[in-house]
Amino acid sequence: MYVGRFAPSPTGPLHYGSLVAAVASYLDARHNNGLWLLRIEDLDPPRESSEAPVEIMRQLQAYGLHWDGEVLYQSTRLSAYQDALASLQESTFFCNCSRKSTPSVYPGTCREKQLSENTDEPVAVRLRVPDKTVAIHDLVCGHQKWNLEQEVGDFIIRRKDYLFAYQLAVVVDDIFQEVTHVVRGRDLLDSTPRQLAIYQTLGCQAPTYAHLPVVVDDQHVKLSKQAHARPVSTSAPMPVLRTILRQLGQSTPAGVDSVSGLLDEAIQNWDIKAITKSTELPEPAGIHGAVQT
Ligand SMILES: [Zn+2]
């Protein structure tokens, strides 16, 4: 059984780039007669907007992207993350390094320090990674491999401010929701070896991955809320959907006059191998006219 999911952070409404990821994961799930779940990754309250989940759901529905079952909110899952942290304990250590002084591949500074949590100084929890290579066969990018110690390093699974790290929460929830296929932006490819390390340490099977090219503006900057990407308008979904299908290398059937009709055709004809292997998709010209509210 195929189980896919779309898992946005509620930092704001969906922009064109996040809609591309939603459409691709939806089509891949439905083409494979799978379930498509919606998970709201609301673990970082200061960055979030309380209206965003409702707005995101309204946008998905306007684009005909109807999810299965109840929406899962990560903010309701804290005890599950705490349990996972406990199961990983033998492979973790406390770390008091400052973010600034830490190189991108953590050099193991605190591995042997035996720091404790019961001090005034806040400590993060890091997963100790083995000197071992992990690999995936990505449905879009092909074979990918990483040496965990040399290319990734021990990484944070619970932050100093006691917030659970994205890497931990994603894996715990994908296991909980029995997700078999993760279709998401290539900006998250770097996260994949970390997530594989967590799966391995928990003794669980990792899902199949497909990392999509990310949509960038004319300065080659990924569309994001931080970079002031505009929300996708729901007033005219058809031309936007057609543009997304074209950019994903899919056929765009003529003579279809409804969102559901267009999606039905797209589900039937879906070919994940037709997605470009290049890392970027340009934000389409004229899309602002279509997406501006
Ligand atoms: Zn440290």
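Biologist: Leaving aside its neighbours within four places in sequence, which residues is Val-214 in contact with?

Modeller: In this predicted model, Val-214 has Gly-17, Gly-185, Arg-186, Asp-187, Lys-222, Glu-280 and Leu-281 as such contacts. A contact here requires C-beta atoms within 7 Å. For one of these residues there is also a C-alpha figure: Val-214 and Asp-187 are 27 residues apart along the chain, and their C-alpha atoms are separated by 6.8 Å.

Biologist: Why does Val-214 count as buried?

Modeller: The cut-off is 20 or more other C-beta atoms within 10 Å. Val-214 has 22 C-beta neighbours inside that distance, so Val-214 counts as buried. Its place is in strand 11, residues 214-216.

Biologist: What makes helix 6 mostly covered?

Modeller: The helix runs over residues 192-202, and 8 of its 11 residues are buried. They are Thr-192, Pro-193, Arg-194, Gln-195, Leu-196, Ala-197, Ile-198 and Thr-201. After helix 6 comes Gly-203, with a positive phi near 75°.

Biologist: Which residues touch the most other members of the largest nonpolar core?

Modeller: Leu-19, Val-20, Ala-22 and Val-23 do, in a core of 46 residues. At least two residues of this core come from each of helix 1 (16-31), strand 2, helix 2 (52-62), strand 9 (181-185), strand 10 (208-212), strand 11, helix 7 (237-247) and helix 8 (259-269). Helix 1 gives the largest share, 10 residues.

Biologist: Which contacts does Leu-19 have, leaving aside its neighbours within four places in sequence?

Modeller: Leu-19 is in contact with Leu-14, Tyr-63, Val-232 and Ile-244. Apart from the largest core lies another core, of 29 residues, which includes Val-125, Leu-168, Val-171 and Ile-198. Ile-198 is also among the buried residues of helix 6.

Biologist: How do you know that strand 1 and strand 3 are edge strands?

Modeller: Each of them pairs on one side only: strand 1 covers residues 3-6 and strand 3 covers residues 72-73. The sheet is open, has 3 strands in the order 1-2-3, and its pairing is parallel.

Biologist: What makes strand 1 and strand 2 a pair?

Modeller: A pair needs at least two bridges. Strand 1 is joined to strand 2, residues 35-40, by 4 bridges, and the two run parallel; therefore they meet the cut-off of at least two. One of the partnerships is between Phe-6 and Leu-38, the latter in strand 2.

Biologist: In which sense do strand 6 and strand 7 pair, parallel or antiparallel?

Modeller: Strand 6 (residues 133-138) and strand 7 (residues 142-147) are antiparallel, with 6 bridges between them. The hairpin that joins strand 6 to strand 7 passes through 3 residues, and Asp-138 stands opposite Gly-142 in strand 7.

Biologist: How do you know that the radius of gyration agrees with a compact globule?

Modeller: A compact globule of 293 residues would have a radius of gyration near 19 Å; the chain has 20 Å, so the two agree. Along its principal axes, the C-alpha trace spans about 65 × 40 × 35 Å.

Biologist: What share of the contacts joins residues at least 24 apart?

Modeller: The share is 78%, taken among contacts between residues at least 6 apart in sequence. As for burial across the chain, 40% of the 293 residues are buried. The secondary structure comprises 9 helices and 12 strands.

Technical notes. Residues are numbered from 1 along each chain as its sequence is written. This is a predicted model: local features need pLDDT of at least 70, side-chain atom pairs count only at pLDDT 80 or more; totals for chains, interfaces and linings use all residues. The radius of gyration is taken over C-alpha atoms; the globule rule is 2.2 Å times the number of residues to the power 0.38. A residue is buried if 20 or more other C-beta atoms lie within 10 Å of its own, exposed if 12 or fewer, and partly exposed in between; C-beta atoms are placed from the backbone. Two residues are in contact if their C-beta atoms, placed from the backbone, lie within 7 Å. A nonpolar core is a set of buried Ala, Val, Leu, Ile, Met, Phe, Trp, Tyr and Cys residues joined through C-beta atoms within 7 Å.
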